[in-house]
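Me: I'd like to learn how to read a helix and its surroundings in a model like this one. Can we go through it together?

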Amino acid sequence: MPQRGRPRGFDADEALERAVEVFWRQGYEGASVNDLAAAMGINKPSLYAAYGGKEELFRKAVARYAERDMGYARDAFAQPTAYGVVATLLRESAIAVTRTDRPAGCLSIQGGTSCSTENAPIAEFLAASRLGGEGALADRLARAVADGDLPAQADPVALARFVMIVTEGQAVHASAGVSREDLRQAAEIALAGFAAASGARPPEQATEPV
């Protein structure tokens, strides 16, 4: 009896990319195992054998999404100033959620912000992932305070929450069809608000004599 397994020439990376697309477009609950297997070019037994099941596949898809589609966040955190970090996050997010080669919006938002009780762990997993990003940003802004890049009275936690609310809102509006240019405009307004609330100065002002 022939063994059930991956088809000859199976590309695990490409298959996972296709799963990302399906989850992104349809959400966790909307994506059936049949949809996923068809998109990935494997049968259902092979999907379970390779990934352990739908939930495990979703977690791997979110990790792949974070690695490939949110690379701009790593670039942002590497910026030398708090203003640069937030400017990169807001501006690049507006681009990322409106790419023409990807579904509009963000997998971590569309994937399962609202799930049935049965799938509550998925919503909790995504919420924890978003809060993890917020915490990392708060830590980066706290370092900016310690380094003297932001004034001592700046509140890293509140500022990080504000920035993440804006980026998550960008994703929601992008999925509703709001244009990249409109999201960019909103990003610049939010960046001005961040600068005013935090005391961060744009690069052109940071070198001016006091």
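Me: Which backbone oxygen lies 3.0 Å from a polar atom of the side chain of Gln26?

Reply: Keep in mind that this is a predicted model. For a polar side chain, start by looking for N or O partners within 3.5 Å. Here the partner is the backbone oxygen of Gly30. The Gln26 side chain also has a polar contact with the side chain of Asp35, at 3.1 Å.

Me: Where does Gln26 sit, and which residues is it in contact with, leaving aside neighbours within four places in sequence?

Reply: Gln26 belongs to helix α1. Beyond those sequence neighbours, Gln26 contacts Ala31, Ser32 and Asp35.

Me: Why does Gln26 count as partly exposed?

Reply: Buried is under 20% relative accessible area and exposed is over 50%, with partly exposed in between. Gln26 counts as partly exposed because its relative accessibility is 37%.

Me: Okay, now the helix itself. What does α1 span between its end C-alpha atoms?

Reply: A good habit is to set the end-to-end span beside that of a straight helix. With 19 residues, a straight one would span 27 Å, but α1 (residues 12–30) spans only 23 Å. Then look for a bend: α1 has one of about 75° at Trp24.

Me: What caps the N-terminal end of α1?

Reply: For a cap, check side chains by the helix end for a contact to a backbone nitrogen. In this case Asp11 does the job, with a side-chain oxygen 3.1 Å from the backbone nitrogen of Asp13.

Me: Which residues of α1 are buried, and what do the buried ones pack against?

Reply: The general idea is that nonpolar side chains tend to be buried together in soluble globular proteins. In α1 the buried residues include Leu16, Ala19, Val20, Phe23 and Trp24. The buried residues of α1 pack against α2 (33–40), α3 (44–51), α4 (54–68), α7 (107–110) and α8 (120–147).

Me: And which residues touch the most other members of the largest nonpolar core?

Reply: That core has 32 residues, and the best-connected ones are Phe23, Leu36, Met40, Leu47, Leu57, Phe58 and Leu107. Two or more residues come from each of α1, α2, α3, α4, α7, α8 and α9 (156–175). The largest share, eight residues, is from α1.

Me: Let's zoom in on one. What does Leu57 touch, not counting residues up to four places away in sequence?

Reply: Leu57 touches Leu16, Ala19, Phe23, Leu36, Met40, Leu47 and Tyr51. Apart from this core lies another of 28 residues, among them Ala87, Val163, Phe194 and Ala195.

Key:
Residues are numbered from 1 along each chain as its sequence is written. This is a predicted model: local features need pLDDT of at least 70, side-chain atom pairs count only at pLDDT 80 or more; totals for chains, interfaces and linings use all residues. Side-chain values use heavy atoms; hydrogens and water are left out. The expected span of a helix is 1.5 Å times one less than its number of residues. The bend at a residue is the angle between axes fitted to the seven residues ending there and the seven starting there. Buried means under 20% relative accessible area, exposed over 50%, partly exposed in between (1.4 Å probe, protein chains only). Contact means heavy atoms within 4.5 Å. A polar contact is a pair of N or O atoms within 3.5 Å; within protein, one must be able to donate a hydrogen and the other to accept it, and residues adjacent in sequence count only if both atoms are side-chain atoms. A nonpolar core is a set of buried Ala, Val, Leu, Ile, Met, Phe, Trp, Tyr and Cys residues joined through side-chain atoms within 4.5 Å.
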